[in-house]
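Let's walk through this model together, beginning where the ligand sits and ending in the loops. Please keep the structure open as you read.

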Amino acid sequence: MTAGDQPPCTDGSAQRLDPRRLRQRMTEALTRQGLGDAAVLAAMAEVPRHLFADEALTARAYDLATLPIGKGQTMSNPCTVARMTTLLQLSPGMTVLEIGTGSGYQAAVLATMGCRVYTAERLPELYERTRDLLRRLGYTDIVPMLGDGTLGCPKMAPFARIIVTASGPAIPGPLIEQLDEGGIMVIPVGESGSQRLKRVFKKAGRLYEQDCGPAAFVDLVGDHGWQAASCQTPHY
Ligand code: SAH
């Protein structure tokens, strides 16, 4: 063995823990489930998901599972990320608004696909932690914002794509207004236990809504979401 070689791995554990291999296995598992188009899976094979997970959960970062990130919030299951990102029909260069930064993983996948991402988080602690992480990892095409994302971001509107990763009672009006002509929004709507994932197309000033099946997200809390006091989940 020469200097720099990996030590022999008798129990296979080092191989199991190599993030690149784990990502490859994750994308293979998603492919078997028919989730994610080629461009989305290529991005997910690049983004170091283990660095976005809570340190105590690093080993589970590539499981097809939703993981807690503190403050009662979660990092979406890779299945959900693959499904939502594919529904967005992205092209490089698009401007995307994300509501619900959380861990920053979804934003990193969008940026890796060549999009410019504005992402809003309402909880200061998560906002600060993720802003610092994204900066450290060099995601210069992601602009983290602190505040109520149900109001959108009028200054930077319109957006070619909008993705909302928390579920409210209805599609927030400001987000509909800020969706560009020809744009697509993917958003869960409804109470916990009976949420539906919706895809909204804006064509010739009209909205077309498509039901994309059941969903399970944390609450969208804000002026055009749930009121903090009447949240579906009592974390606040
Ligand atoms: N996209 C995230 C998922 C995070 S969970 C990821 O990849 O990890 C949803 C996040 O939405 C939570 O962090 C929650 O605090 C945030 N959120 C809920 N209501 C919000 C609102 N009105 N504006 C901005 N963020 C909101």
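Strand S2 gives the most to the shell around the ligand, contributing three residues; helices (H or I, at least four residues) and strands (E, at least two) are DSSP runs numbered from the N terminus. Strand S2 spans 73-75, and it is joined by strand S3 (95-99), helix H5 (105-112) and strand S4 (116-121), each supplying at least two residues of that shell. Before going further, note that this is a predicted model, in which local features need pLDDT of at least 70, side-chain atom pairs count only at pLDDT 80 or more, and totals for chains, interfaces and linings use all residues. Residues are numbered from 1 along each chain as its sequence is written, and side-chain values use heavy atoms, with hydrogens and water left out.

In total, 27 residues surround the ligand (a heavy atom within 4 Å of it). The closest are Gly100, Ser103, Glu121, Gly149 and Val221. By type, the shell holds ten nonpolar, twelve polar and five charged residues, where Ala, Val, Leu, Ile, Met, Phe, Trp, Tyr, Cys and Pro count as nonpolar, Asp, Glu, Lys and Arg as charged, and the others, Gly among them, as polar.

Which groups meet the nitrogen atoms of the ligand? A polar backbone atom of Gly149 is 2.8 Å from a ligand nitrogen, a polar side-chain atom of Asp148 lies 3.0 Å from one, and an N or O atom in the side chain of Glu98 is also 3.0 Å from one. The protein covers 99% of the 580 Å² of accessible area that the ligand has on its own (Shrake-Rupley method, 1.4 Å probe).

Now turn to the hairpin formed by S8 and S9, which has two residues between its strands. Strand S8 (residues 195-203) and strand S9 (residues 206-215) pair in the antiparallel sense over eight bridges; pairing requires at least two DSSP bridges. Phe201 stands opposite Tyr208 in S9, and Ala204 in the turn has a positive phi of about 50 degrees.

Two loops deserve a look as well. Lys71, in the loop between strand S1 (67-70) and S2, has a positive phi near 60 degrees although it is not a glycine. Pro158 lies in the loop between strand S5 (142-146) and strand S6 (159-164), and the peptide bond leading to Pro158 from Ala157 is cis, with omega near 0 degrees.

Conventions: A polar contact is a pair of N or O atoms within 3.5 Å; within protein, one must be able to donate a hydrogen and the other to accept it, and residues adjacent in sequence count only if both atoms are side-chain atoms.
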